[in-house]
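Colleague: I'm new to this one, so please put it on the screen and let me ask about it piece by piece.

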2 protein chains.
Amino acid sequence: MAVYTDVSDEDLDRFLADYDLGEVLAFKGIAEGVENSNYLLRTDKSSYILTLYEKRVDPNDLPFFLGLMNHLAKGGFACPQPVENRDGAILGTLSDRPAAIVTFLEGRWPKRPNVDHCLALGKAMARMHMAGEGFEITRKNSLTVDGWPDLIEATADDANDVHPGLKSLIATSYDELNGAWPRDLPKGTIHADLFPDNVFFLRENLSGFIDFYFACNDLLAYDIAISLNAWCFETDGMFNVTKAKALVSGYQSVRSLSVEEYEALPILARGAALRFLLTRLYDWIRVPEGALVTPHDPLEYVRKLKFHRSVATTSAYGL
Amino acid sequence: MAVYTDVSDEDLDRFLADYDLGEVLAFKGIAEGVENSNYLLRTDKSSYILTLYEKRVDPNDLPFFLGLMNHLAKGGFACPQPVENRDGAILGTLSDRPAAIVTFLEGRWPKRPNVDHCLALGKAMARMHMAGEGFEITRKNSLTVDGWPDLIEATADDANDVHPGLKSLIATSYDELNGAWPRDLPKGTIHADLFPDNVFFLRENLSGFIDFYFACNDLLAYDIAISLNAWCFETDGMFNVTKAKALVSGYQSVRSLSVEEYEALPILARGAALRFLLTRLYDWIRVPEGALVTPHDPLEYVRKLKFHRSVATTSAYGL
C-alpha cells in the first residue's frame with residue numbers, strides 16, 4: 001500500500017524528458033513505505049526510485065530531506081542519492097505532486113535482525129551522524145518532547161479505550177520526560193526513523209540507509225534511543241541486552257558518546273518509546289473500520305515504554 | 001496493495017537455495033495485481049518476479065497457469081517464463097504459500113491506450129491463441145455463461161441498491177445470452193483478462209502479456225470481446241469504433257475470424273460486459289465500509305452492457 005497516485009505514461013515521459021536517464025524499460029509501483037508513492041524506474045542505464053510526495057509530507061521540508069541525502073551520499077555515506085535533471089534540479093512536479101528521482105540502493109532489510117546487524121547499524125549510524133556535519137539546511141524535530149503535547153491532546157479521549165490506564169500512563173510519562181529531557185546533549189542531523197526496514201544489507205554487510213523523511217536536527221543520541229526500541233526487543237517483548245550492547249558499542253567504535261549522552265540513554269529510550277506510542281495511537285484511532293491496511297499496534301510501544309520506565313541508569317540495561 | 005504475505009530473509013534464502021539465480025541484490029514488494037503477493041527479485045544475474053499465490057487462486061490451477069506461460073514462452077510468445085529450480089520444478093512453497101519465480105518482462109502498460117496500441121494488441125492476441133495450440137493441460141472457464149448463475153444469485157439481493165433496475169437488467173441479459181451463446185465457435189487457450197494493465201509496451205512496440213491467472217479454455221473470440229470492452233471505450237463512455245476496428249483487424253492480420261466468430265462479436269461482447277459487471281458487483285457489495293482499497297466501479301460495466309444490448313450485428317458497431 002504505497003502507491004497513492006497513478007502516473008500516466010505521458011506525464012512520466014514529460015517528466016523524464018528533463019533528465020538524462022536513458023530509455024524506460026520498467027516502471028512499477030513498490031509496496032513499501034506508507035507516506036509516499038514509490039515507483040521502481042528501470043532504464044537502459046540503471047535503476048532508480050521515483051517518489052511522489054503525498055499529503056503527509058510538507059513540501060517545505062523536501063529541500064531538507066533531498067539535500068541531506070545528497071550531502072550524505074557526496075560525503076561517502078551509502079544512501080539513495082537524488083538525481084539532478086539537466087537544469088541541476090533534484091525536485092520537480094509529476095502528476096500534481098512534488099516528485100524526485102533517487103538512485104536505487106541495493107540490499108534487503110533484515111526481517112529478523114541479529115546481533116551482527118545491530119553492531120553494523122551502530123557503526124553506520126555514527127558514520128551518518130559524522131557525515132551530516134556541515135549540512136546547512138535545518139529542520140526541527142516535531143516528534144520530540146516539545147511536539148508531544150499536541151499528539152497527547154489529539155489522542156487523550158480515546159487512549160483508555162485502546163488500553164486501560166493508557167491516558168494516565170502517557171500523561172505521567174510526558175511529565176517525567178519533559179522535566180528530565182537532556183536538551184543540551186550534542187546535536188546534529190539524525191535519521192529519526194532507523195527501523196529495520198530502513199536499513200539495507202547485502203549478505204552480512206550493511207549497504208545503506210533509506211527513507212530520510214523523518215530526518216531532522218536533534219540530539220544525536222536520540223537516534224540510538226529510537227533504534228534501541230526498534231531493533232533490540234524480541235517478539236516476546238524481552239529486551240535483548242546483547243543486541244543493545246552491539247548497537248551501542250558499534251556506534252562508539254566510530255563516534256564516542258560523552259558521559260552525558262551515555263547516561264541519558266534510559267530517558268531518551270523512554271522518550272522514543274512514547275514518541276512511537278503516540279503516533280501509532282494517533283493512527284490506530286483514526287483507521288477506518290474494516291480498512292484493509294492495519295496500522296502498527298500501539299500496545300507494542302506501551303510495553304516498551306513501561307520497560308524503559310523501570311530502568312533508572314544505562315548500566316541497569318546491562319550496557 | 002499487492003503484498004499480503006511477508007517473506008523473511010531466512011525463508012527466501014532457503015527457497016532460493018534450490019535455484020541457480022545468483023546473489024540477491026534487491027527484493028521489493030510490487031504494488032500491482034490484486035490477487036497475489038508479487039515481489040521484484042533482483043540478483044547479480046537478472047531480474048525476476050516472485051509470486052506467492054494467495055487464497056483467491058486455486059492451487060490446483062497453478063500447473064495450468066505456469067505450464068501455459070512456459071508453453072507460450074517456449075513457443076516464442078513474449079510473456080513471463082517460469083524459472084525451473086535445480087530439480088526442474090517451477091512451483092514450490094514459500095512462507096506457507098505456493099510460490100513461483102518468473103522472468104521479468106520489460107515494458108509498461110499503456111495508461112491511455114490509443115489506436116496503435118489496439119492494433120498491436122489484436123495481433124499479439126492472435127499470436128497468443130496460435131502459440132497456445134498443443135498445450136495439453138485444460139482449465140474450464142468459470143466466468144463464462146455457465147458460471148454466471150452463481151454470481152447472479154450471490155449478488156441478486158443487493159443489485160438494486162447499487163443501481164436501480166440492475167437486478168432485472170442482469171436477469172434479462174443472462175436469459176438472452178444463455179439462449180444465444182455461440183457455444184460451437186473455435187476454442188483454444190485464452191487469456192480472459194486482457195486489460196491494458198496486462199499488456200506491456202516498450203516505446204510503441206508490444207513487449208508481451210502478463211498475469212495469466214484467469215487463462216482458460218474457451219471460445220477464442222471471447223478474448224476479443226473482453227478486450228473490446230476493456231480497450232475501446234473512452235472515459236466518457238463512448239465506444240471508439242476506430243480502436244475496435246484496429247483491434248479486430250490486427251487480430252485478423254494474424255488469424256482470420258470465421259464468419260460465425262465475426263457475427264458473434266456483439267453477443268460475446270455483451271457477455272463479456274455481463275461477466276465483468278457481475279464480478280465487480282460481487283466485490284463491490286463485499287468491500288468493507290471505509291476500506292482503503294476501492295474496488296472497480298460496476299456501473300462502468302452496466303453502461304457497457306447496455307451499449308452492447310443496443311447493437312444487433314457486428315457491422316452495426318461500424319466494424
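Colleague: Does B:Lys243 count as buried or exposed?
Modeller: This is a predicted model, where local features need pLDDT of at least 70, side-chain atom pairs count only at pLDDT 80 or more, and totals for chains, interfaces and linings use all residues, while side-chain values use heavy atoms, with hydrogens and water left out. Residues are numbered from 1 along each chain as its sequence is written, with chains lettered from A and ligands numbered from 1 in the order in which they are written. Buried means under 20% relative accessible area, exposed over 50% and partly exposed in between (1.4 Å probe, protein chains only). B:Lys243 has 8% relative accessibility, so this residue counts as buried.

Colleague: Which side chain does B:Lys243 meet in a salt bridge?
Modeller: A salt bridge takes a side-chain nitrogen of Lys or Arg within 4 Å of a carboxyl oxygen of Asp or Glu. Here the N to O distance is 2.9 Å. The partner is partly exposed at 31% relative accessible area. It's B:Glu234.

Colleague: How many salt bridges does the structure hold?
Modeller: One of them pairs B:Asp9 with A:Arg108, with the closest N and O atoms 3.8 Å apart. B:Asp9 lies in helix α1 of chain B and A:Arg108 in the loop between β5 and α3 of chain A, so this pair joins two chains; both residues are buried. Helices (H or I, at least four residues) and strands (E, at least two) are DSSP runs, numbered from the N terminus. Over all chains, the number of salt bridges is 38.

Colleague: How many residues apart in sequence are the parts that A:Arg309 and A:Glu176 tie together?
Modeller: These two form a salt bridge, their closest N and O atoms being 2.5 Å apart. A:Arg309 is partly exposed at 31%, and A:Glu176 is partly exposed at 30%. A:Arg309 sits in helix α9 and A:Glu176 in helix α5 of chain A, so the sequence gap between the parts is 133 residues.

Colleague: Which residues do salt bridges that share partners join into one network?
Modeller: Both chains take part in this one. The network's members are A:Asp9, A:Asp13, B:Arg108 and B:Lys111.

Colleague: What kind of aromatic pair do A:Trp148 and A:Trp181 form?
Modeller: Rings of Phe, Tyr and Trp (its six-membered ring) pair if their centres lie within 6.5 Å; planes under 30 degrees apart count as stacked, over 60 as edge-to-face and the rest as tilted. A whole-structure search finds 32 such pairs over all chains. For this one, the centres are 5.5 Å apart with 80 degrees between the planes, which makes it edge-to-face.

Colleague: How buried are those two, A:Trp148 and A:Trp181?
Modeller: A:Trp148 belongs to helix α4 and A:Trp181 to the loop between α5 and β6, so their pair ties together parts 33 residues apart in sequence. Both count as buried, A:Trp148 at 0% and A:Trp181 at 7%.

Colleague: Within what arc do the buried residues of α1(A) fall?
Modeller: They are A:Asp9, A:Leu12, A:Phe15 and A:Leu16. The arc is that of the directions from the helix axis to the C-beta atoms. Seen down the axis, these residues line one face of the helix, because their arc is 130 degrees.
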